[in-house]
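Okay, can everyone see the screen? Let me put the model up and we'll walk through it.

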Amino acid sequence: ATATTGPGDAGGDTATAVAVADADQSAKASADDEEDESHGFPGLGKQYLVFYFTTWDKDYKSSFLAARYSLRSISGDTMLDKINEVTIGLALYGFIVTSTGEDGASENRSALKALGTISVKEYFKNHAPKSAKEKLGPDIWAVLEAMPDVPMAYRHPIYDEVLIFIGGDMPHCIKKVVNTLERSGWAHHDRNLRRNGQKMSLKMLEKCWVASGESSLDGGVSLRKYVKSWQHFIKCSYSRLRVSLSVQITSQDSVKCIKDNCDKDLGGLELYSPLIELLEKMDRLIDIINCTRMNRGSFKGCEPINEPFHKHVIELLNILKYLYEWKKECGGYTHKFLTQETYEDLQWTILGVIGNAMHYLDEDKSCAMYQARSGSDVCEHAFSLIRSKNVNPTAAACRQASARSSSASDAHLFRFQSGANSGGCKRKATDYLAPVPKKSKMDNGGYWNLSG
């Protein structure tokens, strides 16, 4: 999935938005597709690609379908062209994109690496606020300077002064981390995660849970002390895709389970301390991105980010520093560390939020960004809606479902009468339009002429 996001003040001069694009491979393929093409007919669409635009603003959420495509195949070059195409199209109507994100698919990663012309080191040296080095401290600054090859941003194709940051999707990152923990320590897998000389694996957490005695309970859910079941540890292709199971692994519940039971002939707390640290870092990343204030009676204290050096920005940078030091200790992308794809997705998830906060928010806290909209959830929800009606849709069915789902949303934001919004929006369309020179109103039912 590819997400596009805009700055943080929907009521200001620039549109605040997040646009998201995603590809669904659910469109049916024709057995005689190649034969149709040989007779001059176009091949049937096999993949369905959509771009959504969603605001950053914490008080006013506006999300609409910006573009949709039915394609035979999707490559990195295809995504590169479509991202630029949609970004330019949105800019013509005053919607300024400031972030693009992805869910880890190879096509998306290839496109964003090609787009990312500004590295982490270059951004913090030439584009970040002047006080960044002082406020971030020498330790974090040293880590940022050690990332000359990590792409972080690129310039807007129309507005050269606007930077578009590369972002990621937190749920997909967490699933990848948990799946790596699952593979760690097994002879038939290529991972054997280690930190400070100690092993880390999902099997270690399973042993603590079994030692608690809850694995033998046949019923009595209310008697359970930990939110765990055999589904968390005995994985299949379906359970590996379930975000809920993954976030329950990287949670304070798992940390408590380890601390309560690791002394029961399992090696003690020292053996488990690196695993606890990893789980705590991922748990905090989830809470910050989701803006979690309370969870199961526990106070998390997370909130929308409203200033360049917000406490959550510093926390995210410390998580980035932890990952960098772990990689350095392991000697790079070895079997002791995460895969390159997982590490890069985690970096982009963190840097995308940090970049937008530092570059587009003011120190007076006049506006805030709701960082939970930085991922591709809006696309996942769109495809979930399509599949709820038809589990195996054709390209035509996908297109029709998208049209129905967007007909009552902000997709028709510009079609209004006498300055009133259609679609039940809370704001006027003019609130979302960036000032454009020579803007005039046409006499064709209330459309805006932005060609000037």
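Let's start with Val178, which is buried at a relative accessible area of 0%; buried here means under 20%, exposed over 50%, and partly exposed anything in between, with a 1.4 Å probe and protein chains only. This is a predicted model, so to speak of local features we need pLDDT of at least 70, and side-chain atom pairs count only at pLDDT 80 or more, while totals for chains, interfaces and linings use all residues. Residues are numbered from 1 along each chain as its sequence is written, and side-chain values use heavy atoms, with hydrogens and water left out.

Back to Val178, which lies in helix H7. Helices, labelled H or I, are DSSP runs of at least four residues, strands, labelled E, are runs of at least two, and both are numbered from the N terminus. What does Val178 touch, if you skip residues up to four places away in sequence? You get Lys235, Ser246, Ile249 and Thr250, where contact means heavy atoms within 4.5 Å. Val178 also sits 8.6 Å from Val247, C-alpha to C-alpha, with their positions 69 residues apart in sequence.

Helix H7 (170-183) comes up again when we look at H8. Helix H8 covers residues 202-211, and its buried residues are Leu202, Met204, Leu205, Glu206, Cys208 and Trp209. Their cover includes H7, E10, helix H9 (243-249), helix H10 (252-261) and H11. Just after H8, you'll see Gly213 with a positive phi of about 90 degrees.

Stay around there for Cys262, in the loop between H10 and H11. Cys262 is buried, at a relative accessible area of 0%. Ignoring residues up to four places away in sequence, Cys262 touches Cys208, Gly267, Gly268, Leu269 and Tyr272. Its C-alpha is 9.0 Å from that of Leu205, and those two are 57 residues apart in sequence.

Now follow H11 along. Two packed helices are described by the angle between their axes and the distance between the axes. Helix H11 (residues 269-290) packs against helix H12 (residues 311-330) at about 145 degrees, with the axes 10 Å apart. For the record, axes are lines fitted to C-alpha atoms, for helices over the stretch in contact, and angles run from 0 to 180 degrees between N-to-C directions. Who makes the contact on each side? From H11 it's Pro274, Glu277, Leu278, Lys281, Met282, Arg284, Leu285 and Ile288, and from H12 it's His312, Glu315, Leu316, Ile319, Tyr322 and Trp326. By class, that contact has nine nonpolar residues, one polar and four charged; Ala, Val, Leu, Ile, Met, Phe, Trp, Tyr, Cys and Pro count as nonpolar, Asp, Glu, Lys and Arg as charged, and the others, Gly among them, as polar.

Past H11, in the loop before strand E11 (294-295), there's Cys291. Cys291 isn't a glycine, but has a positive phi of about 55 degrees, and is buried at 13% relative accessible area. Asn196 has a positive phi of about 55 degrees too, and isn't a glycine either. Asn196 sits in the loop between strand E9 (194-195) and strand E10 (198-199). Is Asn196 buried or exposed? At 51% relative accessibility, Asn196 counts as exposed.

On to the cores. A nonpolar core is a set of buried Ala, Val, Leu, Ile, Met, Phe, Trp, Tyr and Cys residues joined through side-chain atoms within 4.5 Å. The largest one has 74 residues, and Phe124, Leu136 and Trp326 have the most contacts inside it. Leu136, leaving out residues up to four places away in sequence, touches Phe124, Trp141, Leu144, Phe309, Ile314, Leu317 and Met358. There's also a second, separate core of 21 residues, with Val86, Val97, Ala111 and Ile164 among them.

One more helix: H13 (residues 340-360) holds Asn356. Asn356 is buried, at 2%. Beyond its neighbours within four places in sequence, Asn356 is in contact with Trp56, Thr98, Ser99, Phe165, Leu361 and Met369. Its C-alpha is 9.7 Å from that of Ile166, with the two 190 residues apart along the chain.

Zooming out, the protein has 15 helices and 14 strands, and 52% of its 452 residues count as buried. Of contacts with a separation of 6 or more, 68% come from residues 24 or more positions apart.
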